[in-house]
Amino acid sequence: QHNPHFFPNRTGIVHLFEWKFKDIARECETYLSPNGFGGVQVSPINENAIVFKRPWFERYQPISYRIITRSGDENDFRNMVTKCNTVGVRVYVDIVVNHMAAGNGQVNGTGGGTAFIPDKSYPNVPYNETHFHETCAINDYNNAVEVRNCELVGLPDLDQSLEYVRARIVNFMNKLIDFGVAGFRMDAAKHMWPNDLSVIYNRLNNLSNYFATGSRPFIYQEVIDLGGEAVKKTEYISLGAVTEFKFSLEISRAFRGHNELKWLKSWGVKWGLLPSKYSLVFVDNHDNQRNGAGGSEILTYKFPKMYVMAVAFMLAHPYGTPRIMSSFFFDFIDQGPPANVSTEEIISPKILSNGTCTNGWVCEHRWTEIVGMIGFRNRVRGEAIANWWDNDNNAIAFCRGNKGFVVFNNEPDDLQLTFNTCLSRGNYCDVISGRKSGNICTGQQISVNEKGKSVIRIKAQSVVAVHSGAKI
Ligand SMILES: O=C(/C=C/c1ccc(O)c(O)c1)N[C@@H](Cc1ccc(O)cc1)C(=O)NCCCOc1c(-c2ccc(O)c(O)c2)oc2cc(O)cc(O)c2c1=O
Ligand SMILES: [Ca+2]
């Protein structure tokens, strides 16, 4: 339940938020695989409510468990899972089973299905009102029963203690396992009872023959817990990994300058974070990049210099299983993905010859700095942090064994110092400013002497990272 089943020497899950399956398949083959990414998280694949103006959150309002959304249909999904697995990239599906779509009267779904609310009738599952909790609103997040048994923002709340409901959910998830998925993101897990989730997970099949025999699905549960509520993230860690929102908040605060970087020396459980093996970590996610949990502190693509440093630190540090957010540009927090105005069909990202995306897609996972740090993380796997250095303020540096070295300068001025890189003598390419291309560096080159020392210049609000895989 805690193992993402990455292929050897791969790391990082990229959340290709709102991407179409055809585009995901191509991204697996042409980019994620060659660059060492471990997996991709896809948006909810089951039929969702069509909400006026197509806000992004409509995909979190299920109408049925039929595989048909604006990302594609069941066939498109199966083809994508096959193609991604074939090139060594795992697929994780976002599962929304705490609730069904809200509405008033008939609600239409992305697959032509319908629902009738508030009589809680979803004929394409089918669910009727006997499968839901009594209508009550979650008002008090200090009441753990209310948080699980009442309605999250008015969304009809499924009763996962019922055998019938468990069966519908298990059948849906087992179908995806048999297609070859590696695991699931359990949306709004905080609003479901751990015991009910445990029963459901235990009924899931072992993974398909893309995996070692007897492999269990990788489960990571969305539990928004920044403290101060009755429901605790620790209630779920025996069942699977948990999304660590405190990681997102604290790393954003640090690189915004609201905490000196020197305190990151103790980064991990000492900061109140979950034990590393249970922790799914990220700088931002689809919700909190829009002022969800963590509010305006969260760093996003809108603050590129600070964001790059935060993502680089996440990938340079051994703590947790990292997930990279890959967004579409948005001005309004409800805004949905780039779509054709009349057909409302999602517009595919267009990849330019320099590898960047257009058509309204940010493609953070294609930024030189971020893909460079995926290579760093793959190279230094298993190596402990060594030789921590800081200037007692906002400049820090550390080695990963004798395979990698990284330095962060969050000071207002450039920095030039002699560092002990732990690396062997030679010339290395900084994987933040560029990459190793044949025998040259497209970005900054770092020279290390026979004592492992190097004079390095780091611009203000920048990071430099070198590793033994980028030695020329
Ligand atoms: O902003 C949103 C959507 C947010 C959202 C969606 C998916 C997520 O995975 C998520 O974490 C948040 N939704 C908008 C609009 C909205 C949507 C549906 C609705 O019935 C009413 C309004 C909104 O203003 N939502 C209220 C604040 C965000 O409250 C939501 C939370 C949520 C937020 C903070 C928490 O500590 C927490 O335990 C749960 O989780 C969702 C999960 C869903 O599966 C679907 C949802 O509609 C929501 C959801 O509304
Ligand atoms: Ca619930």
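**Exercise 1.** By class, how many nonpolar, polar and charged residues does the lining of the largest pocket have?

*Solution.* Welcome! This is a predicted model, where local features need pLDDT of at least 70, side-chain atom pairs count only at pLDDT 80 or more, and totals for chains, interfaces and linings use all residues. Residues are numbered from 1 along each chain as its sequence is written, chains are lettered from A and ligands numbered from 1 in the order in which they are written, and side-chain values use heavy atoms, leaving out hydrogens and water.

Step 1: a pocket is an open set of points on a 1 Å grid over the protein atoms alone, where a 1.4 Å probe fits, with protein on both sides within 12 Å along at least five of seven lines; lining residues have an atom within 4 Å of a point.

Step 2: sort the 24 lining residues. Ala, Val, Leu, Ile, Met, Phe, Trp, Tyr, Cys and Pro count as nonpolar, Asp, Glu, Lys and Arg as charged, and the others, Gly among them, as polar.

Step 3: the lining has six nonpolar, 14 polar and four charged residues.

**Exercise 2.** Find the pocket in which ligand 1 sits, and its polar contacts.

*Solution.* Step 1: ligand 1 sits in the second largest pocket (more than half of its atoms lie within 2 Å of the grid points).

Step 2: this pocket is lined by 22 residues, with W56, L152, V153, D187 and D287 nearest its centre.

Step 3: look for polar contacts (pairs of N or O atoms within 3.5 Å). Oxygen atoms of ligand 1 lie 2.4 Å from a side-chain N or O atom of D187, 2.9 Å from one of K190 and 3.0 Å from one of R185.

Note on methods. Polar contact = N/O pair within 3.5 Å; in protein donor to acceptor, adjacent residues only side chain to side chain.
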